[in-house]
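This report looks at the salt bridges of one protein chain and at where the paired residues sit.

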Amino acid sequence: MLSKELDLLLSERFGKDSIIALATSIDNIPHCRNVNSFYYDGSFYVITYALSEKMKQIQDNKNVAISGFWFNAIGEAYNRGYINKQENKFIKEKLFFAFKEWINNSHNNFDDLNTIILEIKLKEGKFYKDGICYEF
């Protein structure tokens, strides 16, 4: 569980369109890529495609690592399902606001049931700000 102070610090830094490195593994071989993400309430959120390699890897192993601007963590990744599901409405609105500069550039097909929200729930990590290391 993140402290209120750390949640606020993460929100300040990553509560907007943020590029993070997302590492998955399959058969003990690591795979890493950059993704656009948005932090909210202890999790990072990513719009992605259910049939992508990263999602195939996450289906086999939900443990992932992420890193960004003076931050690294281990988390569990979950497919929240189709982006337009009613249960995703709240976080979808937040994602569309955070990604407003590019969200409608034809890269995503929001009518495709395989366009999903990936949630990465933080388990442990380190966050650095102003020379202070916050561990959780």
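In this predicted model, glutamate 119 and arginine 80 form a salt bridge whose closest N and O atoms are 3.1 Å apart. Glutamate 119 belongs to strand S6 and arginine 80 to strand S5, so this pair ties together parts that are 39 residues apart in sequence. Glutamate 119 counts as buried, at 8% relative accessibility, because the cut-off for buried is under 20% relative accessible area. Arginine 80, at 23%, counts as partly exposed.

A search of the whole structure finds five salt bridges. Three of them are listed here, including the pair just described.

| Pair | N to O distance |
|---|---|
| Glutamate 119 and arginine 80 | 3.1 Å |
| Lysine 62 and glutamate 76 | 3.7 Å |
| Lysine 123 and glutamate 76 | 3.7 Å |

Glutamate 76 appears with lysine 62 and again with lysine 123; Lys62, Glu76 and Lys123 are linked in a network of salt bridges.

The side chains of lysine 62 and glutamate 76 meet at 3.7 Å, N to O. Lysine 62 lies in the loop between helix H2 (53-60) and strand S4 (63-68), and glutamate 76 in strand S5 (residues 71-82), so their salt bridge ties together parts that are 14 residues apart in sequence. Lysine 62 is partly exposed, with a relative accessible area of 36%.

The closest N and O atoms of lysine 123 and glutamate 76 are 3.7 Å apart. This pair links distant parts of the chain, with lysine 123 in strand S6 (residues 115-129) and glutamate 76 in strand S5, 47 residues apart. Lysine 123 is partly exposed, at a relative accessible area of 40%.

Technical notes:
Residues are numbered from 1 along each chain as its sequence is written. This is a predicted model: local features need pLDDT of at least 70, side-chain atom pairs count only at pLDDT 80 or more; totals for chains, interfaces and linings use all residues. Side-chain values use heavy atoms; hydrogens and water are left out. A salt bridge is a side-chain nitrogen of Lys or Arg within 4 Å of a carboxyl oxygen of Asp or Glu. Helices (H or I, at least four residues) and strands (E, at least two) are DSSP runs, numbered from the N terminus. Buried means under 20% relative accessible area, exposed over 50%, partly exposed in between (1.4 Å probe, protein chains only).
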